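Hi,

Here is the structure I promised to pass on. Have a look at it first, and my notes on what turned up follow below.

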Amino acid sequence: MGAMRRTVLGIFAALILAAATACTITIEDPGYVPPAPLPPLEQLERAALASPEGFSSGDGTISFITEDRSVACSLTSARGEHVNLPYEPNNFSDTANNKLATVPVAHCELARYPKPEQVDVKDDCAGTNLGYLGGVAVLAPDSARYGECRSGVTQMEATYGPNGSKAGPLAQLQVLGEGQNLEGNGLRCSAYNGGVACGNVSAGVGFFVSPEHYELISRSAESASPAPPEAPKTP
């Protein structure tokens, strides 16, 4: 009787040990198709807001960089074409610009970027029609644009481009994790889908930028301007 009891207890102990040490085996479903990313404005509307702590520079500007260091953005202010950015020189605070209205903007720069579509070129660059380059997107409360007139690289390209320094003010920015959402002055930005979406959800305007493509979004016009799939470096 004692031998039988020991046998039963031994079997019971073995079963407990097997259950405790059992491995979980995951089998991939070859038919599984991951859901498509949300449209940019829907992502901005539905994603939970992250705390701005750690992203704020103290003057009302909220800045971040994506985890792969491909896009850096600020939710900030502009006076005319002068954008208040904490990581590069600008004329926002010049007294000569005090007469200009201050408006909230979202400003993003890319380390690698697509060329602007001709339909999205909004400046003749002082009448030369030369030097309108990609790599920068700006959102105002009622409009979004991609590209700008300049003669050099973006600050992001100088830092994280193919020959970038990997050092400087942009290297100090806090990372906004994939799917996280920040808000400032009624505008929102979210790191998702390999890039960044920024928008004024209530007005239905925004943009999405990534190293491979960009979109300018207007809910009222129901239009978007995709760029070529290639992401050429700035000359």
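Arg-79 sits in strand 2, which covers residues 71-79. Please keep in mind throughout that this is a predicted model. Is Arg-79 buried or exposed? Its relative accessibility is 17%, and because the cut-off for buried is under 20%, Arg-79 counts as buried.

The surroundings of Arg-79 are worth a click or two in your viewer. Leaving aside residues up to four places away in sequence, Arg-79 touches Phe-92, Ser-93, Asn-97, Asn-98, Leu-100, Ala-101 and Thr-102. With one of these, Phe-92, there is a polar contact to look at: the backbone oxygen of Phe-92 lies 2.8 Å from the side chain of Arg-79. You can also check the backbone spacing to Asn-91, which is 12 residues away along the chain from Arg-79, with 9.0 Å between the two C-alpha atoms.

Another charged residue I looked at is Glu-215, found in strand 12 (residues 214-218). Glu-215 has a relative accessibility of 22%, so it falls in the partly exposed class, which runs from 20% to 50%. From the C-alpha of Glu-215 to that of Ala-197 the distance is 9.1 Å, and the two residues are 18 apart in sequence.

Next, the largest pocket. How much space lies in it? The figure is about 510 Å³. There are 23 residues lining this pocket, and those closest to its centre are Glu-81, Val-83, Arg-145, Glu-148 and Cys-149. Strand 3 (82-83), strand 4 (102-110), strand 5 (132-140) and strand 6 (143-149) are the elements that each give two or more residues to the lining. Which of them gives the most? That is strand 6, with four residues. Sorted by class, the lining comprises eight nonpolar, seven polar and eight charged residues.

Finally, some numbers for the protein as a whole. Its secondary structure amounts to three helices and 12 strands. The protein has 235 residues, and 40% of them are buried; Arg-79 belongs to that buried class. Taking contacts between residues at least 6 apart in sequence, 56% connect residues at least 24 apart. The exposed area of the protein is about 13200 Å², with 55% of it supplied by carbon and sulfur atoms.

If you only have a minute, I would start with Arg-79 and the backbone oxygen of Phe-92, then turn to strand 6 in the pocket lining.

Best wishes

Conventions
Residues numbered from 1 in each chain as written. Predicted model: local features only at pLDDT ≥ 70, side-chain atom pairs only at ≥ 80, totals over all residues. Heavy atoms only, no water. 1 Å grid on protein atoms, 1.4 Å probe; cavity = no way out; pocket = protein on both sides within 12 Å on 5 of 7 lines; lining within 4 Å. Points joined across faces, edges and corners; volume = space filled by probe spheres on them. Buried < 20%, exposed > 50% of the residue type's maximum accessible area, 1.4 Å probe, protein only. Contact = heavy atoms within 4.5 Å. Polar contact = N/O pair within 3.5 Å; in protein donor to acceptor, adjacent residues only side chain to side chain. Areas by Shrake-Rupley, 256 points an atom, 1.4 Å probe, with all protein chains shown as cover.
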